[in-house]
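Please work through the exercises below with the sequence and the model at hand. Each task is followed by a solution in steps.

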Amino acid sequence: MKLRIFGAAGEVTGSNYMIETAGYRVLVDCGTHQGEDEERHEGENFPYDPAGIDAVLLTHAHIDHSGRLPLLVRQGFKGKIYCTHATSELIEILLRDSAKIMKEDAEWRTRKNARKGLPAVKPLYGDNDVEDALALRSYVPYDEVFEIMPGLKVRFRDAGHILGSAIIEAWISEKDEKPVKVVFSGDLGPLDGVIEKPPAVVEEADFVLIESTYGDRLHKSLADTRAEFQDAMEAAVRSGGKVLVPTFVVDRAQRMLYEFKLLQKKLPDLKMANIYLDSPMGVKTTEIYSAHAALLSRDLKEMLMNGEDPFEPRGFSFVRTAEESRAINAMDEGIVLAGSGMCSGGRIMHHLKHSLYKKDTHVFFVGYQAYGTLGRRLVDGAKKVRIAGEEISVKAKFHTLNGFSAHADRGDLLSWASHFPKKARFIIVHGEPKSAESLALGLKDAGYATRIPAIGDEIDLLAPAPERAEMPVISKRILDRIDFDTKDVESVLNMISERTDEMREKLINNDEQYRNIMPLLISARTLLETAAALGAGSAREGKG
Ligand code: ZN
């Protein structure tokens, strides 16, 4: 009975795990590698035969968790894809869009190749593969245990990350043995979720696969983020020009519409221009969000019950057709939300092209900008950029708001993890090595055994649990060389603890610095705590 890791190990994208027993092979997620991870994995095949997979359990709709499902089906997978109802609706939008982007990308590469006398490029999958994959969806309710097949029971719990996102609890058994319980966190939302509920508390597990996207960082507080948004928006309104908000149109766009609504309530006299969500995909997604009111947070449900639409600020309209979208370019004012979130395509491109050169344009970045994207170049202060073959001089003002995250931060992850019993073993995935290591230290601090797997690793689910959490390797090595007095270690430990808290306060407002220094502080603290524990032990031994 094994858990095999095929993606999102030491990286953030490409989630793909396999539960393998004598009786079946079931995948959890089947995602695409994106951004920097994409190049590293380009051209890779599945390291297993898709025809030999019995079922897929899907945590949520994001492409880095679902994007390779059509390829899996194209290569012979015939089982069911289990997911929540909202996820089953959102993947329809996201997978069709993914096929469209792949087709355009393949056509562009083909033209480029043709000029060099190289062969045509085919997309990984096409529209019909997407439809074949969608036909295999089987949706499951939250919070109910059901048997997928003999030896595998599962329960989907709300993960609070995007609509329909799930934590999956799996009870795995072979023959008539007692089942082993594995919990897959999927992507977890923040504990103070805004449009989604907080992630469900799970209290029992033998193994927990936990994401670590922000395992080494704390987010800016909600109050600070909103204050920042308000200040920037007031500045933009005063300057009177266009406001462009490049945004991922699933979840982040809905969150921003809600934030605009709240800001209008708070500042009823602020003369905000009309607001547009310029994306047919965004329109459909917003409709799906509104249709699943029961999954939304208490605040949003209350609003809906009072007959108010949380996704419809004053002066708002959806933009569906390309003509309507072009008409907005001719206007001097307007707040335009459009994809893609990193300015790597989509309708935001023509809005940027028509407005970046104007001084009174304000661009709001409300999500992560990966290296190599136009969004990142603009954030980094590029003075000239090329859009659709034309060089544009950049005069607009930029506002980068990092607080609108749909992910749990370090504090949230450790808090969610703290509900598991100490026998639970944590397998840390879905994070850069630095984040994963920092989260591992935090979990070890709390007394849990941890492992950061590499791609291709197999975890024996029947291996006996370690007696106690393993101490960090580095501490033992260094401690051997220290001749310490217990009292000294304790006083140094207290000092470091106090300093850590002080620095946390100071650094929390500065993301980059915080990100680099916090893991070091945490390591230092763990090291000293280990030293204190070992010191106390050796002092006792000395006396005995
Ligand atoms: Zn996600």
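The exercises treat strands, a sheet, salt bridges and one proline.

This is a predicted model, in which local features need pLDDT of at least 70 and side-chain atom pairs count only at pLDDT 80 or more, while totals for chains, interfaces and linings use all residues. Residues are numbered from 1 along each chain as its sequence is written, and side-chain values use heavy atoms, with hydrogens and water left out.

**Exercise 1. Determine how strand β3 pairs with β2 and with β4.**

Step 1. Identify the elements: helices (H or I, at least four residues) and strands (E, at least two) are DSSP runs, numbered from the N terminus. Two strands pair if DSSP finds at least two bridges between them.

Step 2. Strand β2 (residues 17-20) is antiparallel to strand β3 (residues 25-28), with 4 bridges between them. In this pair, valine 28 of β3 is found opposite tyrosine 17. The connection from β2 to β3 is a hairpin of 4 residues.

Step 3. With strand β4 (residues 55-57), β3 pairs in the parallel sense over 3 bridges. Here valine 28 faces leucine 57 in β4. Between β3 and β4 the chain passes through helix α1 (residues 36-41), giving a right-handed β-α-β crossover. Right-handed means that, with the strands pointing away from the viewer, the path from the first strand over the helix to the second runs clockwise.

**Exercise 2. Describe the open sheet that contains β7 and β21, and the helices on it.**

Step 1. The sheet has 7 strands in the order β7-β8-β9-β10-β11-β20-β21, and its pairing is mixed. Because β7 (146-149) and β21 (449-451) each have a single partner strand, they stand at the edges and one side of each lacks a neighbour in the sheet. From one strand to the next, the twist averages 25°.

Step 2. Within the sheet, strand β8 (residues 152-158) and strand β9 (residues 166-172) are antiparallel over 7 bridges. Aspartate 158 is placed opposite alanine 166 in β9.

Step 3. Helix α14 (residues 433-445) packs on the sheet and touches β11, β20 and β21. Its direction makes about 165° with that of β20; axes are lines fitted to C-alpha atoms, for helices over the stretch in contact, and angles run from 0 to 180 degrees between N-to-C directions.

**Exercise 3. Locate two salt bridges and state what they connect.**

Step 1. A salt bridge is a side-chain nitrogen of Lys or Arg within 4 Å of a carboxyl oxygen of Asp or Glu. The structure holds 31 of them.

Step 2. Glutamate 20 and arginine 4 form one, at 3.3 Å from N to O. Since glutamate 20 belongs to strand β2 and arginine 4 to strand β1 (residues 2-5), the pair ties together parts 16 residues apart in sequence. Both glutamate 20 and arginine 4 are buried (under 20% relative accessible area; exposed is over 50%, partly exposed in between, with a 1.4 Å probe and protein chains only).

Step 3. Arginine 109 and glutamate 42 form another, with the closest N and O atoms 3.7 Å apart. Arginine 109 lies in helix α4 (residues 85-115) and glutamate 42 in the loop between α1 and β4, 67 residues apart. Arginine 109 is partly exposed at 32%, whereas glutamate 42 is exposed at 53%.

**Exercise 4. Is proline 246 buried or exposed, and what does it contact?**

Step 1. Proline 246 lies in strand β12 (residues 242-246). Its relative accessibility is 1%, so proline 246 counts as buried.

Step 2. Leaving aside neighbours within four places in sequence, the contacts (heavy atoms within 4.5 Å) of proline 246 include Ala338, Cys343, Ile348 and Val363. The C-alpha atoms of proline 246 and valine 363 are 7.8 Å apart, although 117 residues separate the two along the chain.
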